[in-house]
Amino acid sequence: MKAITALALTLSLAASAAQSVPFGGWAEQEFPRLSSNSWIQSSRGVDVRSDGSVSLIWTRLPASEGAATGASWDWSVQQSVPGTQLTRKGGDDRNLSLYFLFLPADRAEASRDANVRQLLRSRDARVLMYVWGGDHARNEILPSPYLGKRGKTIIRRPAGTGSFQESVNLEADFQRAFGSPKTVLVGLAVSSDSDDTDSSIRARLGDLRLD
């Protein structure tokens, strides 16, 4: 009985230590000459409709969350794009991508007023993109055709439908992807992309937590 009580207390403390990341005020970043998605945000999550379109929403994180070493979230897909090759520019549609944006400590505060495009273009940035989509194996790490050495795609789910919970170790994945210790987490983004295959996505991401 004491062991069960201790385990319950440990799980309770771990849950309380995780910081919930609210939605509701994330800004949309559109792309020139491309149709944009429809995003519906609530405090606990976001629903997206993508019909031959692409865009992302993003938020800057407070400095207090910059040292986060893990993350968890729920996501679901009711309508999916086909499996694509995510290492190729064009034709690389995916249902959902959750971006974690990192900068060295000395650049993190200096870039406090930067927008997401400026952050993604920074030569010092490193981006982990956890993806539901593509025709690749789970946990495969792929180079980004758009970010070069700055970004890596980590497959969590191949293209398809369903509902799942995810939990990731940002510290370990950063080391595995970039071969160096994790830097400061400065922002998050969610994208959905169906423009190349002219298909449709109905999906949701929510209950996002950092720990």
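Me: Which residue just after α4 takes a positive phi, and of about how many degrees?
Reply: This is a predicted model. In it, the position just after α4 is occupied by Gly179. Its phi is positive, and the value for Gly179 is about 70 degrees.

Me: Which residue caps the N-terminal end of α4, and at what distance from the backbone nitrogen of Glu171?
Reply: The cap at the N-terminal end of α4 is provided by Asn169. A side-chain oxygen of Asn169 faces the backbone nitrogen of Glu171, and the separation is 3.1 Å.

Me: Within what arc do the buried residues of α4 fall, seen down the axis?
Reply: The buried residues in α4 are Leu170, Asp173, Phe174, Ala177 and Phe178. Seen down the axis of α4, these residues line one face of the helix, because they fall within an arc of 105 degrees.

Me: Which element gives the largest share of the largest nonpolar core?
Reply: The largest nonpolar core has 35 residues, and Trp73, Phe100 and Leu128 touch the most other members. The elements that give two or more residues to this core include β6 (70-79), β7 (94-103), α4 (170-178) and β13 (200-210). With 5 residues, the largest share comes from β13.

Me: How many residues does the other core have, the one with Trp58 and Met129 among them?
Reply: This other core lies apart from the largest one. Val116 and Val131 are also among its members, and its count is 20 residues.

Me: Is Phe100 buried or exposed, and with what relative accessible area?
Reply: Residues distant in sequence surround Phe100: leaving out those up to four places away, it touches, among others, Trp73, Leu128, Tyr130, Leu170, Leu188 and Leu210. The cut-off for a buried residue is under 20% relative accessible area. Phe100 is therefore buried, with a value of 0%.

Me: Why is the pair of Trp73 and Phe100 tilted?
Reply: A pair of aromatic rings is described by the distance of the centres and the angle of the planes. Planes under 30 degrees apart count as stacked and those over 60 as edge-to-face, the rest being tilted. The pair links Trp73 in strand β6 with Phe100 in strand β7, 27 residues apart. The centres of the two rings are 6.3 Å apart, and the pair is tilted because the planes stand at 45 degrees.

Me: What is the angle between the planes of Trp73 and Trp75?
Reply: Both residues are buried, Trp73 with a relative accessible area of 1% and Trp75 with one of 2%. Together with Phe100, Tyr130, Trp132 and Phe164 they form one aromatic cluster. Their rings lie 5.5 Å centre to centre in an edge-to-face pair, and the angle between the planes is 90 degrees.

Me: Over how many bridges do β7 and β12 pair?
Reply: Strand β12 is mostly covered, with 9 of its 10 residues buried. β5 (residues 54-60) pairs with β12 in the antiparallel sense over 7 bridges, and Leu56 stands opposite Ser191 in β12. Phe102 stands opposite Leu185 in β12. The pairing of β7 and β12 is likewise antiparallel, and the number of bridges is 8.

Me: Which side chain is joined to that of Arg94 by a polar contact of 3.0 Å?
Reply: Arg94 is found in strand β7 and is buried, with a relative accessible area of 8%. Among the residues it touches, beyond those up to four places away in sequence, are Val81, Trp132, Asp193 and Ile201. The polar contact of 3.0 Å joins the side chain of Arg94 to that of Ser97.

Me: Is Asp198 buried or exposed, and at what relative accessibility?
Reply: Most residues other than glycine have a negative phi. Asp198 has a positive phi of about 50 degrees although it is not a glycine, and it is found in the loop between β12 and β13. The cut-off for an exposed residue is over 50%. Asp198 therefore counts as exposed, at 64%.

Me: What relative accessible area does Asp207 have?
Reply: Asp207 lies in strand β13. It has a positive phi of about 50 degrees although it is not a glycine. Asp207 is partly exposed, and its relative accessible area is 26%.

How values were computed. Residues numbered from 1 in each chain as written. Predicted model: local features only at pLDDT ≥ 70, side-chain atom pairs only at ≥ 80, totals over all residues. Heavy atoms only, no water. Core = buried A, V, L, I, M, F, W, Y, C linked by side-chain atoms within 4.5 Å. Buried < 20%, exposed > 50% of the residue type's maximum accessible area, 1.4 Å probe, protein only. Helix = DSSP H or I, 4+ residues; strand = E, 2+ residues; numbered from the N terminus. Contact = heavy atoms within 4.5 Å. Pairing = 2+ DSSP bridges. Arc of directions from axis to C-beta. Polar contact = N/O pair within 3.5 Å; in protein donor to acceptor, adjacent residues only side chain to side chain. Phe/Tyr/Trp six-rings, centres within 6.5 Å; stacked < 30°, edge-to-face > 60°.
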